[in-house]
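User: Could you walk me through reading charge pairs and surface patches in a structure like this one? I would like the general idea as well as the case at hand.

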Amino acid sequence: MADLKDFAEQLVNLTVKEVNELADILKDEYGIEPAAAAVAVAGPAAGGDAAEEQTEFDVILKAAGGSKLAVVKLVKELTGLGLKEAKAIVDSAPAPVKEGVSKDEAEGLQKSLEEAGAEVELK
């Protein structure tokens, strides 16, 4: 059983090049054409190489909306900046509120700011 788990882990960790080589070996030496399996295994690996999942996000304030004072207070609270600095961010929109944050934190900031009436974008 442990050998099968090790084998499965090795299969999952194959690169696209290795999957293609494995498909060639199965076809040439054993007469097996694993076209569907190669596509299934290569699909996520190929997509992962081409476009890696973004791990850091910038929270951009596009517009303060109707409740500018509430947004200034929230930016102050979320960033730990002083009132003057928070107001400067809101006044200079579009402007970054926080940069290089995790997806969860970015989505939380976006939700809070949008609830206060701001227009927010994640990059």
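**Charge pairs and patches**

Analyst: Let's start with one residue: at 44% relative accessibility, Glu 119 counts as partly exposed, because that class runs between under 20% for buried and over 50% for exposed. Please keep in mind that this is a predicted model.

User: Thanks! Which side chain does Glu 119 meet in a salt bridge?

Analyst: The partner is Lys 62, with an N to O distance of 3.9 Å. That falls inside the rule, since a salt bridge needs the nitrogen within 4 Å of the carboxyl oxygen. Lys 62 is partly exposed too, with 38% relative accessibility.

User: Where in the chain do Glu 119 and Lys 62 sit?

Analyst: Glu 119 belongs to strand E3 (residues 119-122) and Lys 62 to strand E1 (residues 57-63). They are 57 residues apart, so this pair links distant parts of the chain.

User: How many salt bridges does the count come to by this rule?

Analyst: The count is four. Another of them joins Lys 68 and Asp 91, whose closest N and O atoms are 2.6 Å apart. Here Lys 68 lies in helix H4 (residues 68-79) and Asp 91 in helix H5 (residues 83-91), so the bridge ties together parts that are 23 residues apart in sequence. Lys 68 is partly exposed at 38% relative accessibility, and Asp 91 is partly exposed with a relative accessible area of 38%.

User: Which lysine in helix H5 lies four residues from Asp 91?

Analyst: First the general idea: an α-helix has 3.6 residues a turn, so residues three or four places apart point the same way. In this structure, Lys 87 and Asp 91 both lie in H5, four residues apart, about one turn of the helix. These two form a salt bridge, with 2.6 Å between the closest N and O atoms. Lys 87 is partly exposed, its relative accessible area being 41%. Through shared partners, salt bridges join Lys 68, Lys 87 and Asp 91 into one network.

User: Now for the patches. Which residues form the negative surface patch?

Analyst: A residue needs over 30% relative accessible area and no salt bridge to join a patch. The negative patch is formed by Glu 18, Glu 21, Asp 24, Asp 28 and Glu 29. Asp 24, for one, is in helix H2 and is partly exposed, with a relative accessible area of 45%.

User: And which residues make the nonpolar surface patch?

Analyst: That patch, of about 320 Å², is made by Ile 25, Tyr 30 and Ile 32. Tyr 30 is found in H2 (residues 16-30) and counts as exposed, because its relative accessible area is 57%, against a cut-off of over 50%.

User: What span should the 15 residues of H2 have, and how far apart are its end C-alpha atoms?

Analyst: At 1.5 Å a residue, the expected span is 21 Å, and the end C-alpha atoms are 21 Å apart, which agrees. After H2 comes Gly 31, whose phi is positive, near 70°.

User: Finally, how many helices and strands does the protein have?

Analyst: There are six helices and three strands, and from the N terminus on they run α-α-α-β-α-α-β-α-β. Of the 123 residues in the protein, 22% are buried.

Note on methods. Residues are numbered from 1 along each chain as its sequence is written. This is a predicted model: local features need pLDDT of at least 70, side-chain atom pairs count only at pLDDT 80 or more; totals for chains, interfaces and linings use all residues. Side-chain values use heavy atoms; hydrogens and water are left out. Patches are made of residues with over 30% relative accessible area and no salt bridge: like charges are joined within 9 Å, nonpolar side chains (Val, Leu, Ile, Met, Phe, Trp, Tyr) within 5 Å. Accessible areas come from the Shrake-Rupley method with a 1.4 Å probe; for residues, only the protein chains shown count as cover. Helices (H or I, at least four residues) and strands (E, at least two) are DSSP runs, numbered from the N terminus. Buried means under 20% relative accessible area, exposed over 50%, partly exposed in between (1.4 Å probe, protein chains only). Lys and Arg count as positive and Asp and Glu as negative; His and the chain ends are not counted. The place of a charge is taken as NZ of Lys, CZ of Arg, CG of Asp or CD of Glu. The expected span of a helix is 1.5 Å times one less than its number of residues.
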